[in-house]
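Here are my notes on the model you sent. Please read them with the structure open.

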Amino acid sequence: MSENVEIIPGRLYWSSVRSVPVETSEAIYFSTDDLLIYHPYYSDFGPLNIAQVCRFCRLLNQKLAGSAKKDKRIVYCCRPQYDTRANAAFLMCRYCARRHHLPTLHHIGRWQSREEYNAETVSGWNICCPP
């Protein structure tokens, strides 16, 4: 994998990859790049709307529940382009805030040090993560 961010230790990861790996005995990989699509108003690329966030949360809950029986970790993958990485990071942060009642700032720090996730390149960053 080209880039991994551990979200829930030993259980849930976010990764930026060129293609989604096949399931292994240790991990289940999935992507929503072609499922949850942002339709831009101008030349922006997100963030995704609340219906898509809810759909993602339901999907991830199902993946986590199913993998618990198999003792596998879940890896949420996205393509390495700025738009897909930004929207995937946004979805994961919103999931953690909604499902685990953790402040978004708790998870934003995992990406904040990465140059590609600065406030100028991620549309909507300041909405979910005020300074």
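1. Leu-64 is buried, with a relative accessible area of 12%; the cut-off for buried is under 20%. Leu-64 sits in helix H1. Note that this is a predicted model. Beyond its neighbours within four places in sequence, Leu-64 is in contact with Arg-11, Ile-74 and Tyr-95. Arg-11 is 53 residues away along the chain, yet the C-alpha atoms of Leu-64 and Arg-11 are separated by 8.3 Å.

2. Leu-64 also belongs to a helix pair. It is among the H1 residues that touch H2. H1 covers residues 50-70, and it packs on H2 at an angle of about 75 degrees. The two axes are 10 Å apart. The range 65 to 115 degrees counts as roughly perpendicular, so H1 and H2 are roughly perpendicular to each other.

3. Which residues make the contact between H1 and H2? From H1 come Gln-52, Val-53, Cys-54, Phe-56, Cys-57, Leu-60, Asn-61 and Leu-64. From H2 come Phe-90, Leu-91, Met-92, Arg-94, Tyr-95, Arg-98 and Arg-99. By class, the residues of this contact divide into 10 nonpolar, 2 polar and 3 charged.

4. H2 itself runs over residues 82-99, which makes 18 residues. Its first and last C-alpha atoms are 25 Å apart, close to the 26 Å expected at 1.5 Å a residue. H2 is mostly covered, with 13 of its 18 residues buried.

5. Now strand S4, residues 73-78. S4 is mostly covered: 5 of its 6 residues are buried. S4 pairs with two strands. With S2 (residues 12-16), the pairing is parallel over 5 bridges. With S3 (residues 27-31), S4 also runs parallel, again joined by 5 bridges.

6. Specific bridges help to fix the register. On the S2 side, Tyr-13 has Val-75 of S4 as its bridge partner. Ser-16 is bridged to Cys-78 in S4. On the S3 side, Ile-28 is partnered by Ile-74 of S4. Ile-74 is also one of the contacts of Leu-64.

7. Is S2 covered on one face or both? Both faces are covered. Leu-12, Trp-14 and Ser-16 lie on one side, Tyr-13 and Ser-15 on the other, and all are buried. That gives 5 buried residues of 5 in S2.

8. Look next at Arg-79, in the loop between S4 and H2. Arg-79 is partly exposed, with a relative accessible area of 29%. Setting aside neighbours within four places in sequence, Arg-79 is in contact with Ser-16, Val-17, Arg-18, Asp-33, Asp-34, Thr-84 and Arg-85. Ser-16 is the S2 residue bridged to Cys-78. Arg-79 and Ser-15 are 64 residues apart in sequence, but their C-alpha atoms are 8.7 Å apart in space.

9. Last, the overall picture. The protein has 4 helices and 4 strands. Along the sequence they follow the pattern β-β-β-α-β-α-α-α. Of its 131 residues, 43% count as buried. Among contacts between residues at least 6 apart in sequence, 67% join residues at least 24 apart. The pair Leu-64 and Arg-11, in contact and 53 residues apart along the chain, is an example.

Definitions and conventions:
Residues are numbered from 1 along each chain as its sequence is written. This is a predicted model: local features need pLDDT of at least 70, side-chain atom pairs count only at pLDDT 80 or more; totals for chains, interfaces and linings use all residues. Side-chain values use heavy atoms; hydrogens and water are left out. The expected span of a helix is 1.5 Å times one less than its number of residues. Buried means under 20% relative accessible area, exposed over 50%, partly exposed in between (1.4 Å probe, protein chains only). Axes are lines fitted to C-alpha atoms, for helices over the stretch in contact, and angles run from 0 to 180 degrees between N-to-C directions. Angles under 35 degrees count as roughly parallel, over 145 as roughly antiparallel, 65 to 115 as roughly perpendicular and the rest as oblique. Contact means heavy atoms within 4.5 Å. Ala, Val, Leu, Ile, Met, Phe, Trp, Tyr, Cys and Pro count as nonpolar, Asp, Glu, Lys and Arg as charged, and the others, Gly among them, as polar. Two strands pair if DSSP finds at least two bridges between them.
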